[in-house]
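Reader: Several labels are applied to this model, and I should like the grounds for each. Please set the values against the definitions.

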Amino acid sequence: MENELNVRLAVPEDEAALLDLAIRAWNENGIMDVNPDKMLGMIRPALYLWQGLCGVIGEPGQKIEGAVLLRISQMWYSDSWILEEKAVFVDPEFRRIGKIRSSQGVGHARRLVEFSKQVADGLNLPLMIGVLSNHRTKSKIRFYERQFGEPAGAFFLYGVKTGHNESMTEH
């Protein structure tokens, strides 16, 4: 029997594990080359709750099973604040695709999305979250539609595909 999946705020001691997870996320979904220092430029402030935060599943000092990076920002045309998801990623080892779900019937991705909604509600900010992936795109969109309802648009890429993992295939 699995324990309940709890999302906690990431702390500075999680930096190395978060960077490792971020590089795995880039490998699966990134569209350009990777710059770990630039990744840390987004991750590190969130660890200190500066202009954002990071929710993680996993114990401090251990492997992070999944994470969501949320930043407080503004749209290019407005002075109003919005909670912007930069990444939601679950380590493939902990995904529930085709597997038995946790004892509560909720997987890691859903817990991270619920956490994001709770943060948005707590800050009284709208949440902008989405899917930018060529890997299992349709199933990811269906998952997000179950959590949020109808999408508010779509992303298109020209001249590039997401992911740098040669073993992945489109589903």
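Reader: What makes β3 and β4 a hairpin?

Author: In this predicted model, 6 residues lie between β3 and β4, and the two strands run antiparallel, joined by 9 bridges. Pairing requires at least two bridges, so the 9 bridges between β3 and strand β4 (residues 81–90) qualify. Within this pairing, Gly66 stands opposite Val90 in β4.

Reader: How do you know that β2 and β3 pair?

Author: The requirement is at least two bridges; strand β2 (residues 52–57) and β3 have 6 in the antiparallel sense, and therefore they pair. Cys54 stands opposite Leu69 in β3.

Reader: Why is β3 called mostly covered?

Author: Buried means under 20% relative accessible area, and 7 of the 9 residues in β3 (residues 66–74) are buried, so the strand is described as mostly covered.

Reader: Which residues have the most contacts inside the largest nonpolar core?

Author: They are Ala10, Leu18, Ile43, Cys54, Val56, Ile64 and Ala67, in a core of 17 residues. The elements giving two or more residues to this core are α1 (15–29), α2 (36–47), β2 and β3. A second, separate core of 13 residues includes Ile57, Val68, Leu83 and Leu112.

Reader: Why is Leu132 called partly exposed?

Author: Its relative accessible area is 38%; since buried means under 20% and exposed over 50%, Leu132 falls in between and is therefore partly exposed. Leu132 is found in the loop between β5 (127–128) and α4 (137–148). With Phe155 and Leu157, Leu132 forms a nonpolar surface patch of about 290 Å² of accessible area together.

Definitions and conventions:
Residues numbered from 1 in each chain as written. Predicted model: local features only at pLDDT ≥ 70, side-chain atom pairs only at ≥ 80, totals over all residues. Heavy atoms only, no water. Patch = residues over 30% accessible without salt bridge, like charges linked within 9 Å, V, L, I, M, F, W, Y side chains within 5 Å. Areas by Shrake-Rupley, 256 points an atom, 1.4 Å probe, with all protein chains shown as cover. Salt bridge = Lys/Arg side-chain N within 4 Å of Asp/Glu carboxyl O. Helix = DSSP H or I, 4+ residues; strand = E, 2+ residues; numbered from the N terminus. Buried < 20%, exposed > 50% of the residue type's maximum accessible area, 1.4 Å probe, protein only. Core = buried A, V, L, I, M, F, W, Y, C linked by side-chain atoms within 4.5 Å.
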